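Here is a friendly walk through a two-chain model. Have the viewer open, and follow along residue by residue.

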Amino acid sequence: MMIYDMLLLRFGEFILKGKNRRRFENSVFLHVKSVLEPFPLVELRNEFGRIYVYLNGETANEPIQALKKVFGIASISPVIVCKSELDDILGTSYRYVEELNLQKSTTFKVSARRVWKKFAHSSHEMNHHVGSKLLKNFEMLDVSMKHPELELRVEIRETETYIFFEVISAVGGFPRGSNGKAMLLLSGGIDSPVAAWSSMRRGLTTECVHFYSYPFTSQLAKEKVIDLAKVLSGYAGEIKLHLVPFTEVQTSFTGQGQDKLIITLMRRSMLRIAALLAEREGALAIVTGDSLGQVASQTLSSMNAIGRATELPLLRPLIMMDKNEIISIAKDIGTYDLSIQPYEDCCTLFVPDSPATKPNLRIVESIERSITNLNDMILDAVERTETMVLTPNGDGSTKVDSPVEEDWF
Amino acid sequence: MIYWDHAASTPPYEEVIRTLTEVMNKHYGNPSSIHQLGGNAVKLITRAREVCASALQVKSSEIVFTSGATEGNNLAIKGAALQYMGRGKHLITTTVEHASVYESFLQLQQWGFEVTFLPVDSHGCVTIESITASIRKDTILVSIMHVNNEMGAIQPIETIGTEIKRCNSRTLFHVDGVQGFGKLPVDLNRWCVDLYTLSAHKFRGPKGTGILYVREGLKLTPLLTGGSQEFGLRAGTENTPHFVAMAKAMRMASVRQTSFTKDVSILRDRIHGIIRDIQGLHLHSHESGAPHIVHFSYPGMKSEVLMHTLELQGMLVSTRSACSSKHTKPSRVLLAMGLSNEEASSGIRISLGDSHTEEDVSQLEHALRSAVEELRPLLEKGRNGR
């Protein structure tokens with residue numbers, strides 16, 4: 001297996017954003033630093049538009065897997081470092097290709113870049129030198145300038161030269177927390193954690209809001225959401241989770257003789273509560289995991305009737321995605337297995353056999369008016385909301401009464 | 001009394017017993033129940049799985065809890081054979097495997113599979129050449145133990161694994177790791193192992209529980225059907241307290257492995273010297289074998305007699321692998337390793353643990369010498385009378 005010396009990390013699109021660049025870069029740098037904590041030997045260097053991760057003997061694979069998840073990093077190249085001397089560059093390039101152990105004929109080209117202008121050979125000359133050395137020694141190599149299967153890059157700097165060919169794409173997006181704050185409705189299903197992750201990738205700080213209806217939902221459902229938020233905190237660094245007692249509001253909608261509208265009514269109240277929490281926390285939008293047409297509350301008519309309950313912008317990162325795409329992201333980000341645990345959340349209870357797919361806004365509004373203390377119940381729910389802050393390595397202290405006594409293991 | 005039968009079973013760590021009792025007391029809920037007590041049991045099992053996975057440096061999702069190595073070996077071998085019989089029906093194992101492996105293969109043979117049983121050399125090891133020569137296109141599984149339970153022979157698992165995958169990348173590799181874990185370094189990824197069996201009571205955990213490591217992506221046909229516990233591989237209510245206690249033992253054993261190997265080898269080498277020194281005893285285990293197993297014979301004297309003579313002096317040793325001690329035939333494994341009938345029927349195994357001391361060995365030496373002194377006249381009488 002190839003032993004790499006360094007990983008070269010390239011920033012994503014935010015690099016274009018003039019004045020904020022330094023702040024963004026610093027934020028990514030800190031994020032990178034925190035995910036590399038388990039690898040004590042690595043050293044980091046920050047340079048314009050890039051971060052260099054010197055491995056100092058750590059194997060490349062695990063750090064790469066961790067770094068692929070860092071928001072703001074567009075791509076990663078594992079690099080072999082050699083001296084900026086012609087012989088060393090030729091020798092190292094040769095050994096690199098030899099290690100690849102190419103079995104079949106492969107097209108290649110060399111892209112040398114002389115960053116250090118005092119180096120005796122120009123970029124063009126270096127392409128020639130390295131290219132002919134490889135051609136002479138490896139029969140299976142053929143040159144192709146336009147579409148090479150292997151592009152060996154040689155970057156000659158004053159202190160050292162980088163040799164690499166792989167460009168592994170990473171998650172991209174914006175550095176965490178660089179694009180403001182929003183509230184996210186976290187249900188415990190498959191979609192909402194993916195919506196949270198998508199928002200965070202865009203640099204949005206997301207605070208999660210979860211509604212529970214004890215005793216109609218179990219304590220386990222709540223804990224499942226806490227576990228999900230914990231996974232998400234792995235991407236965000238930390239996550240604020242607001243747990244809203246929703247039983248009173250929810251039960252006030254039953255017995256209105258309008259069971260088909262219950263979901264619409266519930267969702268509208270959730271948005272109102274989330275908007276009040278947003279105001280309190282200084283958030284400027286509400287994110288949901290809606291995906292067009294997936295369930296009755298996510299038809300265009302439903303979204304219209306529900307969305308009117310708030311004036312805040314509603315962001316729906318998954319709106320045009322297919323379920324399979326959402327599932328595949330959920331698996332990638334590690335929330336899927338938690339999401340499919342079978343605990344009922346408050347949306348799946350009181351669900352009528354055939355919920356309205358085209359709710360009538362006027363009827364909805366008149367039901368809400370008829371429940372005279374609805375507004376008080378909403379304010380009361382906000383009042384009684386518990387807030388917890390979760391971090392990826394946070395111990396049981398965030399959780400009440402964890403049954404897991406570490407002493408036993 | 002000094003217990004010299006750690007390869008048969010080990011005394012559980014005190015911490016393991018404490019964990020077992022406390023978890024049994026507090027967390028009797030069924031993990032499948034959706035109330036709080038059930039949920040708590042799930043959390044404990046999840047954590048236990050993580051701890052076991054990290055002791056083996058694998059993923060949690062690759063750890064299947066079982067009732068012990070017999071189940072683990074049965075599930076690995078029959079489960080893989082039945083699952084992948086569409087690819088071929090040829091299987092490979094050795095003549096010196098534990099009964100739970102060996103008998104599984106005999107059963108598969110009856111069901112129409114073709115099984116190659118590889119011989120071993122006088123050190124008890126299979127040769128790489130014999131493996132590579134036996135692997136065919138339709139070979140779906142090779143099962144080879146890490147450390148032999150009767151003689152302590154260590155198979156070159158890493159080379160075997162690499163060679164199997166080189167010959168046929170689709171051939172699965174199962175390793176019965178029961179006698180190796182905690183005694184020797186284990187590296188499943190480097191060894192190219194797909195299935196790996198462990199039993200908790202061999203590394204000072206509780207009896208009746210074990211682990212089958214199943215490499216990600218691999219499917220097995222379950223032998224026990226019913227509920228969907230253990231990823232659907234093994235129906236039956238999870239044994240929460242045992243799984244947690246096993247995790248504890250596993251963590252302790254893996255942390256102590258290096259010092260175990262070092263300390264116990266020193267005692268083993270001393271016992272080897274003693275046996276070589278006593279006239280009439282034949283030493284069969286090797287310095288290159290596992291650190292905790294010594295095997296010798298007293299040709300002419302049935303093993304039970306020597307065993308009981310030692311027992312009268314407070315030394316508990318073993319005549320054969322404990323699972324087959326009650327048979328009267330000489331050990332199949334010892335014969336396969338090239339011992340004569342006479343040697344095989346007079347074999348004694350001494351197996352060590354990390355609790356043994358130099359003083360214990362001195363007492364053992366004394367007991368051995370006097371037992372042999374005591375028995376020698378009988379032996380000579382028997383010879384003369386013949």
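## Around T139(B)

Let's begin with T139(B), which touches H90(B), I92(B), S134(B), N168(B) and T171(B), leaving aside residues up to four places away in sequence; contact here means heavy atoms within 4.5 Å. T139(B) sits in strand β5 (residues 139-143) of chain B. Helices (H or I, at least four residues) and strands (E, at least two) are DSSP runs, numbered from the N terminus. With a relative accessible area of 2%, T139(B) is buried. The cut-offs for that word are under 20% relative accessible area for buried, over 50% for exposed, and partly exposed in between (1.4 Å probe, protein chains only).

The side chain of T139(B) also has a polar partner: one of its polar atoms lies 2.6 Å from the backbone nitrogen of R136(B). A polar contact is a pair of N or O atoms within 3.5 Å; within protein, one must be able to donate a hydrogen and the other to accept it, and residues adjacent in sequence count only if both atoms are side-chain atoms.

## How to read the values

This is a predicted model, in which local features need pLDDT of at least 70 and side-chain atom pairs count only at pLDDT 80 or more, while totals for chains, interfaces and linings use all residues. Residues are numbered from 1 along each chain as its sequence is written, chains are lettered from A and ligands numbered from 1 in the order in which they are written, and side-chain values use heavy atoms, with hydrogens and water left out.

## The two chains

Chain B has eleven helices and twelve strands, and 58% of its 386 residues count as buried. Its accessible surface comes to about 15600 Å², with 53% belonging to carbon and sulfur atoms; such areas come from the Shrake-Rupley method with a 1.4 Å probe, and for residues only the protein chains shown count as cover. Among contacts in chain B with a separation of 6 or more, 72% are between residues 24 or more positions apart.

Chain A has 13 helices and 15 strands. Of the 409 residues in chain A, 53% are buried, and the accessible surface of chain A is about 19500 Å², 50% of it from carbon and sulfur atoms. Residues 24 or more positions apart account for 79% of the chain A contacts with a separation of 6 or more.

## Where the chains meet

How many residues does each chain bring to the contact? Chain B brings 19 residues and chain A eleven. The area buried between them is about 1500 Å², of which carbon and sulfur atoms give 59%; buried area is the accessible area (1.4 Å probe) that two parts lose on being put together, summed over both. I34(B), K43(B) and R47(B) supply 33% of the area that chain B buries against chain A, more than any other three residues.

Five salt bridges cross the interface, where a salt bridge is a side-chain nitrogen of Lys or Arg within 4 Å of a carboxyl oxygen of Asp or Glu. One of them might catch your eye: E406(A) pairs with R47(B), the closest N and O atoms being 2.5 Å apart. On the chain B side, α1 (14-26), α2 (36-56) and α7 (240-277) each supply at least two residues that touch chain A. Helix α2(B) gives the most, with seven residues.

## Loops with something to check

Which two loop residues are worth a look at their backbone angles? N56(A) has a phi near 45°, a positive value in a residue other than glycine, and E230(B) has a positive phi of about 50° although it is not a glycine. Most residues other than glycine have a negative phi.

N56(A) lies in the loop between β3 (50-54) and α2 (61-67) of chain A and is partly exposed at a relative accessible area of 40%. E230(B) lies in the loop between β8 (210-214) and α7 of chain B and, at 4% relative accessibility, counts as buried.

## A helix of chain A

In helix α9 (residues 300-307) of chain A, the buried residues are S302(A), M303(A), A305(A), I306(A) and G307(A). Their cover includes α8 (262-281), β14 (314-315) and α12 (361-370) of chain A.
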